[in-house]
Amino acid sequence: MRAFYDRFAGTAYGGDYNPEQWPREAWDEDVRLMAEAGVKLVTVNVFGWGLLEPEEGCYDFGWLDEVMEHLDRHGVAVDLATGTASPPAWMAARYPDSRPVSETGVRAAFGGRAQFSPSSPVYRRAAGRLVEQLASRYSGHPALAMWHVGNEFSGVSYDEGSAQAFRSWLARRYGTVEALNEAWGTRVWAQHYTSFEHVPAPGVAPSELRNPTHRLDFTRFTSDALLDCYRAEVEILRRHTPDTPVTTNFMASYKPLDYWAWSEVGDVVSLDSYPDPADLEAVVEAAFAYDLARSLGGEPWLLMEHAVGAVSWREVNVPRPPGQMRVGSLQAVARGAAAVLAFQWRGTRHGAEKWHSSLLPHAGTATRTWREVTGVGRELASLPATALGRVEARVALVLGYDSWWACEQGNLPRQPRYLEELLEVYRVLWARDIPVDIVAPGAPLQAYDVVVLTQLYLADDTAIDTWNEFVNSGGHLVATFCTALVDETDTLRGPGYAPELADLAGLRISEIAPQREGAVLVVECPACDQTHTASTWLDVVEPAGAAVLARIVDGPHAGDPVALRRTVGFGAITYLTTKLDATGLGHLLVQVCDAAGVHVPPPTPQGVETVSRRSPSGLETVFVLNHADAVASVRLRPGGRDLLTGRPLGTELELAGHDCVAVRYPPAITDEGPRR
């Protein structure tokens with residue numbers, strides 16, 4: 001990756017470029033305006049398969065050759081896509097079995113995109129042939145900076161080919177049909193299998209209540225089937241161009257794919273992110289997505305797509321207000337991005353995305369959008385993203401895709417909204433500018449002082465052993481209700497509820513008591529000398545070595561614990577039995593951070609985000625981003641200067657709405673408490 005980053009003096013800037021959608025005479029204007037905007041990297045050929053292979057086995061690379069040469073002559077590097085995201089019309093017509101089938105048995109028609117079954121051998125063979133052609137043709141091309149496999153991998157198919165591939169996947173996972181029966185609990189409702197060949201894809205059944213492990217495994221299989229498509233293309237590209245990095249674009253907080261597994265295949269994590277300009281909370285979701293991207297692949301990562309203005313697929317497509325595109329771009333850099341690319345360079349006049357914003361807008365260059373686009377290009381060129389250093393997080397939030405899939409299938413005491421609950425915890429930490437990494441359930445935790453488990457419904461033995469080791473060696477673990485209730489087969493861990501986690505926390509869960517919609521519990525917390533509210537769920541617990549931090553004040557559960565803490569070995573675990581309001585959760589998490597020696601910055605005005613990156617030499621760059629409309633008064637440490645303008649800054653900063661600074665400080669000795 002070093003050679004890739006060295007091609008750009010600062011942070012790489014650009015976007016998706018679709019010259020095939022425009023006449024040849026527009027290309028000269030494109031490269032001229034790219035130079036004016038500071039665009040140095042473009043993604044080409046995302047949806048080019050139909051032009052590259054107009055008939056099966058007949059290839060035509062003339063237009064792409066010309067595009068590659070044209071961009072290279074003008075100093076624009078290419079993230080070259082394989083084009084396999086959307087198969088051509090001839091495949092859909094000649095091989096209808098290659099098209100996906102819905103859960104209700106309807107085969108998709110041609111006319112959208114990604115119209116393929118991930119398990120289709122026809123699709124996989126044809127995609128492999130195309131990638132072989134591309135890799136051999138453009139190996140060593142001076143414009144080629146990176147390979148871009150597919151596009152926003154997604155989709156599920158219930159066709160017979162997928163069902164057969166699913167059965168093979170199950171045979172590899174379980175070995176014997178007897179082991180499958182045990183894992184799936186098929187004695188319930190007479191679902192016992194005597195052969196893998198009898199196992200269907202979990203389509204529509206007479207009862208809405210279906211075997212949850214069957215459905216969970218099919219979700220796992222689908223993620224793996226798409227990953228196999230990605231891996232197959234990566235292997236071809238690396239064989240031809242071993243020194244050219246390979247990526248694909250992930251989709252922020254996308255549920256169906258296990259991005260922990262996916263991040264191990266490519267060379268760098270790339271992310272598409274489209275926060276809603278009309279949603280004031282969207283900046284928090286964007287920050288979470290960027291922290292996830294950084295955590296998946298390490299620093300740096302690439303923002304592969306975002307919107308300059310409005311998107312084209314919401315009910316109301318609100319444009320980004322002046323300054324928001326700039327602040328959003330720098331928010332990504334603050335959290336580890338080394339490239340900021342947009343969809344798309346030039347807005348198309350045709351198709352489903354003709355109303356989507358672009359770097360070069362339909363209204364041309366005499367616009368506010370173009371002025372902001374060129375301004376951001378100049379600023380990013382001055383920010384050497386890979387030299388800014390790392391975001392140093394001592395707090396980790398655990399994200400488990402298996403848990404997400406399993407807990408939202410239904411039939412729990414109360415249906416969790418997994419990502420929403422995860423974001424509520426993240427939001428509290430974000431509001432206090434506490435850096436956070438996102439980690440997998442069984443990931444090593446030695447680098448962290450505080451780890452938070454939020455409704456991590458499914459946990460295997462490896463994850464539970466990791467948490468025990470973390471606490472005993474001096475870490476501070478925070479766990480909420482609805483955690484570690486089932487194992488990896490979605491079977492209740494027993495005896496009792498979450499027995500291993502309960503033992504670690506020093507308590508026993510005697511009953512799970514979900515709360516009615518709208519019901520509110522009043523909670524007394526002597527440690528913070530306040531009362532708070534709670535809702536949604538309640539684990540009725542009996543302390544067995546844990547100290548009670550907060551209790552319910554009145555009602556049928558008066559006196560029941562809400563927060564408990566137990567010292568274990570050199571560390572501690574805090575357990576929450578219910579969903580505390582944001583204020584109560586904030587008090588508790590800050591208290592845990594203080595006890596663990598994690599620095600909690602002073603509060604900043606609402607809507608202001610502060611993120612620090614530190615280089616190996618000790619240089620610190622603090623990004624202060626005002627996402628609000630109003631001017632914000634921010635206190636700074638003395639001795640800093642703004643990297644974006646070069647001006648020195650004092651200790652008092654009046655930051656306009658949708659404005660930001662990147663404050664550089666010289667190396668300093670800091671005392672953030674002992675690391676474990």
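# A guided tour, starting at Ser98

Select Ser98: this residue is buried, at 2% relative accessible area. The model you have open is predicted. Ser98 sits in the loop that runs between helix 5 (89–94) and helix 6 (121–138). Show its side chain. A polar atom there lies 2.7 Å from the backbone oxygen of Tyr95. Now display the contacts of Ser98, leaving out neighbours within four places in sequence. You should find Met91, Gln115, Phe116, Ser117 and Ser120.

**Stop 2: Tyr401**

Go to helix 14, residues 401–407, and pick Tyr401. Is Tyr401 buried or exposed? Tyr401 counts as buried because its relative accessibility is 2%, under the 20% limit. Add its contacts, again without neighbours within four places in sequence. They are Tyr254, Lys255, Leu257, Asp258, Tyr259, Trp260 and Leu292. Then draw a distance from Tyr401 to Gln324. The two C-alpha atoms are 31 Å apart in space, and the residues are 77 apart in sequence.

**Stop 3: the nonpolar cores**

Select Leu71 and Trp467. These two have the most contacts inside the largest nonpolar core, a set of 182 residues. Colour helix 11 (residues 282–297) next. This helix gives the core its largest share, 10 residues. A second core, separate from this one, has 16 residues. Ala163, Tyr174, Leu180 and Trp184 are among them.

Return to Trp467 and show what surrounds it. Not counting residues up to four places away in sequence, Trp467 touches Pro441, Leu445, Leu453 and Leu456, and also Ala459, Leu477, Ala484 and Leu504.

**Stop 4: an open pocket**

Centre the view on Glu281, Val284, Arg427, Trp430 and Gln606. Of the 50 residues lining the second largest pocket, these are the closest to its centre. The volume of this pocket is about 1000 Å³.

Which elements each supply at least two residues of the lining? Select helix 11, helix 12 (324–334), helix 15, strand 16 (530–543), strand 20 (578–580) and helix 18 (582–596). Helix 15 gives the most to the lining of this pocket, seven residues. Colour the lining by class. It has 23 nonpolar, 16 polar and 11 charged residues.

**Stop 5: a closed cavity**

Now look for enclosed space. The whole structure holds six cavities of 30 Å³ or more. About 60 Å³ lies in the largest of the cavities. To find the largest cavity, select its lining: Arg414, Gln415, Pro416, Arg417, Glu421, Gln455, Phe481, Thr536 and Trp537. By class, the lining of this cavity has three nonpolar, three polar and three charged residues.

**Stop 6: two cis peptide bonds**

Zoom to Phe343 and Gln344. The peptide bond that joins them is cis, with omega about 5°. Gln344 belongs to the loop between strand 9 (337–342) and helix 13 (368–381).

Jump to Gly494 and Pro495. The peptide bond from Gly494 to Pro495 is cis too, and omega is near 0°. Pro495 lies in the loop between strand 13 (476–480) and helix 17 (499–505).

**Stop 7: two positive phi angles**

Select Asp433. This residue is not a glycine, yet its phi is positive, at about 55°. Asp433 is placed in the loop between helix 15 (418–431) and strand 11 (436–439). Asp433 is buried, with a relative accessible area of 8%.

Select His658 next. His658 is not a glycine either, and has a positive phi of about 55°. Its loop is the one between strand 26 (652–655) and strand 27 (660–665). His658 has a relative accessible area of 11%, so this residue falls under the 20% limit and is buried.

**Last stop: Gly38**

Where is Gly38? Look in the loop between helix 2 (25–37) and strand 2 (41–44). Gly38 is partly exposed, because its relative accessible area of 26% falls between the 20% and 50% limits. Draw one more distance, from Gly38 to Arg637. Along the chain, Gly38 and Arg637 are 599 residues apart, and 32 Å separates their C-alpha atoms.

How values were computed:
Residues are numbered from 1 along each chain as its sequence is written. This is a predicted model: local features need pLDDT of at least 70, side-chain atom pairs count only at pLDDT 80 or more; totals for chains, interfaces and linings use all residues. Side-chain values use heavy atoms; hydrogens and water are left out. On a 1 Å grid over the protein atoms alone, a cavity is a set of points where a 1.4 Å probe fits but cannot get out, and a pocket is an open set with protein on both sides within 12 Å along at least five of seven lines; lining residues have an atom within 4 Å of a point. Grid points are joined across faces, edges and corners, and a volume is the space filled by probe spheres set on the points. Ala, Val, Leu, Ile, Met, Phe, Trp, Tyr, Cys and Pro count as nonpolar, Asp, Glu, Lys and Arg as charged, and the others, Gly among them, as polar. A nonpolar core is a set of buried Ala, Val, Leu, Ile, Met, Phe, Trp, Tyr and Cys residues joined through side-chain atoms within 4.5 Å. Buried means under 20% relative accessible area, exposed over 50%, partly exposed in between (1.4 Å probe, protein chains only). Helices (H or I, at least four residues) and strands (E, at least two) are DSSP runs, numbered from the N terminus. Contact means heavy atoms within 4.5 Å. A polar contact is a pair of N or O atoms within 3.5 Å; within protein, one must be able to donate a hydrogen and the other to accept it, and residues adjacent in sequence count only if both atoms are side-chain atoms.
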